[in-house]
Amino acid sequence: MFKHTVKRYFKDPLYITSLVLFNLLIFFILKRYQIRIYHFRDYCISAMAISPLLFTFYAFLSYEFSSKLARMKGIEILHSVSGAEGKKIVAENLLFLILTFIPTLIAFGLAYSGYSTMPGFLTRYSQHIIVALLRYLYAPTFLASLLGLILAKVKRPLAFSLIAFSTLLMSDVPNALLSSYTIGTLRLASVLDWFQLAVPNRTYYFDGVYGYFLEPSRLWILLLWFSLFLFLLIFIYGKKSTKRHITLILLAVTLLLSSARFALRAEDSILIKDNRPGSMINIREYYENLNLSESDKEQKDLDIESYQMDFSLGRYLKAKVQIHPIKPLPADADYIFTLDHHYKVTQILDQKQQPVSFIQEADHIKITPTASIDALTFTYHGGGMSRFYSNSQGMALPGYLAYYPRPGLHKPIHIKKPSALSPDANVKSLFTVHVHAPYPVFSNLPQTATNTFSGKTEELTLLGGLVEQVKDGVGSVVYGPLTEQVPTVNRQEVQQLWNTYAGLFPEAKPLNIDRSTIFFMPSTFFLAPVLNEQYVYYDDSLLAIDAQPNPSAIVSNYIKQFIPPRIML
């Protein structure tokens, strides 16, 4: 039956011509992208964005091809042969399984032929790109062909209308237009997520550390729609038999399971950039408008001797953090800790593993121990939709973010001015950190084993995902190769520039990054930076939000922190 189906397709000049011309069009579109777009990462995003066009064409093509026999009365012949109609649909499925791969092959070929910086074929970066192209180009295109086969018995006006409507639903257009709207307590974005097969937020800053959207929810939604379409195909065309009933039951179970899993994980993506509440578009407003009362600011910070941390990355961050204050905490007093509101504390234990009562409100935790405290163990989880992401695909947790409990009451983003006059500028704690993640993680602390770190520092930074650490003189640079940044900074030039201006700012701590770990922070951070976040300076590290960090920017941003606002204006 398959050979007959192939012959039937290629004997018709209309089908051959339309297929060739359409894929030539795709080639010229992608070739134009290749010529005009400098970075291969942005080329891949543009290539994925054409999936609604592919969806429309292949849905129409499979519908026209599969329904042709019915229009020519040839379906009556198939009905006279037991099981022939089902075999016809299987053969057409196999044919379109091959034909729908052509655009993905074109996109992949142009990526590797046109960009000298494209990663090696067998590297994990290349594997990530291949999976992304299969997910956002090939899978929706093949689903479109299944939709056409399902509609083969439907009259053209209705079939064409359903295909057009399906194309609109699977694109990112509805979410872009309607994500901020609600009906009662129902958010439209949560409903539209069930249909979005195309790459979301295609105008977003590409994050070379996080990569393309490949969270588990993006794969569950594929399984959901494949299960549904296969169920409909077998239900419509399958020959009635015990085998058919068993297959339908298995597909129904798969459909229910994938639906349940997607319902639980629909917002796993922490890089959502539409207008829904809590998305990255709205996150800056929260942090900038957060104010602490004067009475709150009188809360004295505790000095922490050491932190022991165990982080597990899956759907979100699961954390167990033990802190040891330098001095025991007396009983029957209130103590405040700062922890970003994206994290939910489930338990706090004392040194005897006894529960400690606590109240968590917004970004702060208040405990009132009934006995003296030598150690506290916080168990919490979260990460949510935030540019400070932490899940199975990547983590970007800068030291100035309260992603682990900080003593005292502060804003969750707390960037200290690197002043030589600040009494707490050199307070350092001993950290022992274990990170369980399916990707490499790097820190400003010395690495003692894979994803394990130990040492003293002011604040802990963790960056993981599609990242590398390269030596840069006596220091190092942590960056994402997919960003195509050059992982080096002229540290000698930084020192020379600083020496030129140092005398004008006696209150500033001397700028010395010779031995620092320089983190090229993810480009997602560009979207909503807060004050002084572009460059954050520590004794052992520098966190840079810049397309290409350079000595001039490093020194000028350092100096700006010590210039009064009136002078800067």
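Here are some numbered notes to help you find your way around this predicted model.

1. **The chain as a whole.** Let's start with the overall picture. The chain holds 18 helices and 21 strands. Of its 569 residues, 52% count as buried. Its accessible surface comes to about 26100 Å², and carbon and sulfur atoms own 62% of that. If you look at contacts with a separation of 6 or more, 72% of them are between residues 24 or more positions apart.

2. **Helix H1, a helix with two sides.** A good place to begin is helix H1, which covers residues 2-10. Thr-5, Arg-8 and Tyr-9 are buried there. Seen down the axis of H1, these buried residues fall within an arc of 100 degrees, so they line one face of the helix. Lys-3 and Lys-7, on the other side of H1, are exposed. The spacing has a simple background: an α-helix has 3.6 residues a turn, so residues three or four places apart point the same way.

3. **Helix H3, a helix with little on show.** Compare this with helix H3, residues 40-48: eight of its nine residues are buried, so the rest of the structure largely encloses it. The buried set consists of Phe-40, Arg-41, Tyr-43, Cys-44, Ile-45, Ser-46, Ala-47 and Met-48.

4. **Aromatic rings.** How many aromatic pairs does the count come to? The count is 35 aromatic pairs. One of them joins Tyr-9 and Tyr-15, which are stacked, with 5.4 Å centre to centre and 20 degrees between the planes. Tyr-9 and Tyr-15 are both buried. Another pair, Phe-337 with Phe-378, is edge-to-face, at 5.3 Å centre to centre and 65 degrees between the planes. That pair links distant parts of the chain, since Phe-337 belongs to strand E5 (residues 335-338) and Phe-378 to strand E9 (residues 376-382), 41 residues apart. Phe-337 and Phe-378 are both buried as well.

5. **A cluster, and a charge over a ring.** Tyr-9 and Tyr-15 also belong to one aromatic cluster with Phe-10, Phe-65 and Phe-96. Elsewhere, look for Arg-406, which lies over the face of Tyr-404 at 3.8 Å from the ring centre.

6. **A sheet of four strands.** Strand E5 takes part in an open sheet of four strands, with the order E7-E8-E5-E11 and antiparallel pairing. Strand E7 (358-361) and strand E11 (406-407) are the edge strands, each pairing on one side only. Further in, E5 and strand E8 (residues 364-367) pair in the antiparallel sense over four bridges. Phe-337, met above in its aromatic pair, has Ile-365 in E8 as its bridge partner.

7. **Strand E12 and its two faces.** Which residues of strand E12 (residues 429-436) point to the buried face? Ser-429, Phe-431, Val-433 and Val-435 do, while Leu-430, Thr-432, His-434 and His-436 point to the other face and are not buried. This fits a general pattern: in a regular strand the side chains alternate between the two faces of the sheet.

8. **The partners of E12.** Strand E3 (residues 304-313) runs parallel to E12, and seven bridges join them. In that pairing, Ser-312 stands opposite His-436. Strand E15 (residues 452-457) pairs with E12 in the antiparallel sense over six bridges. There, His-434 stands opposite Thr-452.

9. **The E17-E18 hairpin.** Strands E17 (residues 468-472) and E18 pair in the antiparallel sense over five bridges. They form a hairpin with two residues between them, and Gly-473 in the turn has a positive phi of about 75 degrees. Across the pairing, Glu-468 stands opposite Tyr-479 in E18.

10. **Pro-487, in the loop that follows E18.** Pro-487 is found in the loop between strand E18 (475-479) and helix H16 (491-501). Is Pro-487 buried or partly exposed? Its relative accessibility is 22%, and buried means under 20%, so Pro-487 counts as partly exposed. Setting aside neighbours within four places in sequence, Pro-487 is in contact with Val-470, Val-477, Tyr-479 and Phe-520. Pro-487 and Val-470 are 17 residues apart in sequence, with 7.2 Å from C-alpha to C-alpha.

Methods:
Residues numbered from 1 in each chain as written. Predicted model: local features only at pLDDT ≥ 70, side-chain atom pairs only at ≥ 80, totals over all residues. Heavy atoms only, no water. Buried < 20%, exposed > 50% of the residue type's maximum accessible area, 1.4 Å probe, protein only. Contact = heavy atoms within 4.5 Å. Areas by Shrake-Rupley, 256 points an atom, 1.4 Å probe, with all protein chains shown as cover. Arc of directions from axis to C-beta. Phe/Tyr/Trp six-rings, centres within 6.5 Å; stacked < 30°, edge-to-face > 60°. Lys NZ or Arg CZ within 6 Å of the ring centre and 35° of its normal. Pairing = 2+ DSSP bridges.
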